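The following exercises concern salt bridges and the meeting of two chains. Each task is followed by a solution that proceeds step by step.

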2 protein chains.
Amino acid sequence: MPDREPVAAPDAETHRAAAERLAGLATPAGALGRLGDLAVWWSATQGEVPPPALDGGDDVRLVIFAGDHGVAAHGVSAYPPEITGAMVRTFVAGHAGVSALAIAHRVAVRVLDLGVDDDLVGVPDEVRAHKVRRGSGAIHLEDALTADETTRALEAGRAVAHEEITAGARLLLTGDMGIGNTTPAAALVAAGLGVRAEDVVGRGIGVDDAGLARKKEVVAAALARGGDRTQDPVETLTALGSADLAATVGFLEAAARAGVPVLLDGLMSVACALTAERMAPGAAAWWAAGHRSTEPAQSLALAHLGLEPLLDLGLRLGEGSGAVAAVPLVRSAAALLRDVALLAELTGPTG
Amino acid sequence: MPDREPVAAPDAETHRAAAERLAGLATPAGALGRLGDLAVWWSATQGEVPPPALDGGDDVRLVIFAGDHGVAAHGVSAYPPEITGAMVRTFVAGHAGVSALAIAHRVAVRVLDLGVDDDLVGVPDEVRAHKVRRGSGAIHLEDALTADETTRALEAGRAVAHEEITAGARLLLTGDMGIGNTTPAAALVAAGLGVRAEDVVGRGIGVDDAGLARKKEVVAAALARGGDRTQDPVETLTALGSADLAATVGFLEAAARAGVPVLLDGLMSVACALTAERMAPGAAAWWAAGHRSTEPAQSLALAHLGLEPLLDLGLRLGEGSGAVAAVPLVRSAAALLRDVALLAELTGPTG
């Protein structure tokens, strides 16, 4: 599976048949709005018309990639890095925000420590099975990863995608946990789009004005340090990313190459999607955007990918929460295209 | 239950305790965005902190009020009036758009014929139990209803609200079906807000330019004919409404007076909510807005009621579909405030 190989779009014939079914439903033309478009996308990604329902349980699966970031020690976050490990434990215990949403909407959740700066003693082994390192480098001062670590993180993400697909995923979601992670994610977006630090940096989960200014300096310094290496998506991950973000990129790339759709979350998910699209042109056809984050870089990257978020509720929790909250909309779309009567049935000889 | 009596807001102490719990969750301040606000509203309307979950089945209930409108014979709709009765049969059979959504999201659906211009032979008796008349008057030429019919329709809506609450509703939804109904609904909004026909008239489910112009003329003529009677909400229903819209108003008023929240749908639902608020000041505190309709009058009325829609997906299906599609967001909000760990629990002596 060489990098840069284009990804085939969802089957064009299925897409055409799904659009034809939508037009034939016993509803006024266009009345389903964006749920109609989402339904056609869903049907095409599943290769079935009418599309399968999305029952929940095994078929919708969220993977949360956790890791720490050296920049967190440099004033870019309102929270201390120790929170990352504590939140991994909270996911395992099922008491986090995304845990509550996932139970409500029947989404399977898996959390993986790719680079938490803690040995997480007592946390189940499978959570740490793909760990690449403790913490990733402070990107304004040093590379986030070695080239070998980037390769391992990408491969871990790809392997996890295949495991989730084998477990029955029809729809995958990505989530993140890592204090400071909006800084490298913003840097990935700036590198991917060729824009400046001030265009991509936001307040994350709540940094103050001084922190915001510091964050812009850090991203600007990181981009300057990355230099020409940011022309290459894999080298961008080595210079500006992290183990958890690189794994997310590998996961998104592998899911698209395997023909399994992903509902994207906030900035981290979308920054990784942008990077995955650089590695696997065309992959974006397999993605839908769950929600609009409050981070400006997320909107810039979504616009570049041609994706419009389904929800816009001011969420800035991370964890995959915006993607999980949007799962019922995919379920709505699938139900409409699958279960609504066709006009031809209602007006046919027996109707 | 006299008209114009103010409605008590959800319990202030419960609201305060719910906001305090939200602030105490192990999530960053404000990170839940509008889902946090929705959770506090939900908790206050239920009088419980933490709030109950919203399981579906009996506790979320949609009532679709169906009726025909004399204006439909005057070029204001892209569809023939016969569709109204056909769609009532489709709801009964469970094959409409909202049927598919309601099954997917575990919402109980009831359809009632208040004023369909068809005897609906063969449709279950309970659907027709509250029928007021066959079709309502063409409002640019004549009153929609007699004063007695308005009273009966309002009472029917109130009775249905009480029946649904007795059946276990913790959350109610209203839906509509009736070719031509965006015309009287726009007139209700114009009357309620004191604005002009051209400010409230939209394309409904797809009228062309000529139809749009005709619709503005019809609403303007109806408002002129209504005259000073539009100062009074009940007389407004008699002059400019319909049996199905008046019943929806009674339903919304009674639900608010009984302290049961309603998730509003598109233009018809919100036009009736605006009218119910005129009859029962303060009722809007019991409502949330499911989605933004493509009809301008809906946005005007929501702004007046102080409500911001949860979804904005370009839906213009009617039937209550936008409210049903938003039910999972109330479920998300309830789950977050109920099930996420409190910071005090995580950091307490045993944490």
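**Exercise 1.** Are Glu164(B) and Arg61(B) buried or exposed? Determine also how their side chains are related.

*Solution.* The model is a predicted one.

Step 1. Buried requires a relative accessible area under 20%. Both residues, Glu164(B) and Arg61(B), are buried.

Step 2. The side chains of Glu164(B) and Arg61(B) form a salt bridge, with 2.6 Å from N to O.

Step 3. Glu164(B) belongs to helix α6 (residues 147-166) of chain B and Arg61(B) to strand β1 (residues 60-67) of chain B, so the salt bridge ties together parts that are 103 residues apart in sequence.

**Exercise 2.** Which parts of chain A does the salt bridge between Glu164(A) and Arg110(A) tie together? Compare the accessibility of the two partners.

*Solution.*

Step 1. In the salt bridge of Glu164(A) with Arg110(A), the closest N and O atoms are 2.6 Å apart.

Step 2. Since Glu164(A) is located in helix α6 (residues 147-166) of chain A and Arg110(A) in strand β2 (residues 108-115) of chain A, the pair ties together parts 54 residues apart in sequence.

Step 3. Glu164(A) has a relative accessibility of 4% and therefore counts as buried. Arg110(A), at 22%, counts as partly exposed.

**Exercise 3.** Which helix of chain B holds both Arg16(B) and Glu13(B), and by about how many helical turns are they separated?

*Solution.*

Step 1. A salt bridge joins the side chains of Arg16(B) and Glu13(B), at 2.8 Å from N to O.

Step 2. Both residues lie in helix α1 (residues 12-24) of chain B; because they are three residues apart there, about one helical turn separates them.

Step 3. Arg16(B) has 41% relative accessibility and counts as partly exposed. Glu13(B), with 44%, also counts as partly exposed.

Step 4. Over all chains, the structure holds 50 salt bridges.

**Exercise 4.** How many residues of chain B are in contact with chain A? Describe the interface that results.

*Solution.*

Step 1. In chain B, 38 residues are in contact with 38 residues of chain A.

Step 2. The two chains bury about 3,100 Å² between them, and 68% of this area is on carbon and sulfur atoms. Of the area that chain B buries against chain A, Pro28(B), Leu313(B) and Leu317(B) supply 17%, more than any other three residues.

Step 3. The rule finds zero salt bridges across the interface of chain B and chain A, but 12 residue pairs in polar contact, both residues being at pLDDT 80 or more.

Step 4. On the side of chain B that touches chain A, at least two residues each come from α2 (33-46), α4 (97-104) and α14 (321-339) of chain B. The element that gives the most to this side is α14(B), with eight residues.

Step 5. By kind, the residues of this side of chain B divide into 24 nonpolar, nine polar and five charged.

**Exercise 5.** What turn lays chain B on chain A? State how the copies are related and through which surface they meet.

*Solution.*

Step 1. A turn of 180°, with a shift of 0.0 Å along the axis, lays chain B on chain A at an RMSD of 0.0 Å.

Step 2. The two copies are therefore related as by a two-fold rotation axis.

Step 3. Because 100% of the interface residues of chain B are also interface residues in chain A, the copies meet through the same surface.

Methods:
Residues are numbered from 1 along each chain as its sequence is written. Chains are lettered from A and ligands numbered from 1 in the order in which they are written. This is a predicted model: local features need pLDDT of at least 70, side-chain atom pairs count only at pLDDT 80 or more; totals for chains, interfaces and linings use all residues. Side-chain values use heavy atoms; hydrogens and water are left out. A salt bridge is a side-chain nitrogen of Lys or Arg within 4 Å of a carboxyl oxygen of Asp or Glu. Helices (H or I, at least four residues) and strands (E, at least two) are DSSP runs, numbered from the N terminus. Buried means under 20% relative accessible area, exposed over 50%, partly exposed in between (1.4 Å probe, protein chains only). Contact means heavy atoms within 4.5 Å. Buried area is the accessible area (1.4 Å probe) that two parts lose on being put together, summed over both. A polar contact is a pair of N or O atoms within 3.5 Å; within protein, one must be able to donate a hydrogen and the other to accept it, and residues adjacent in sequence count only if both atoms are side-chain atoms. Ala, Val, Leu, Ile, Met, Phe, Trp, Tyr, Cys and Pro count as nonpolar, Asp, Glu, Lys and Arg as charged, and the others, Gly among them, as polar. Copies are superposed by least squares on the C-alpha atoms of residues with pLDDT of at least 70 in both.
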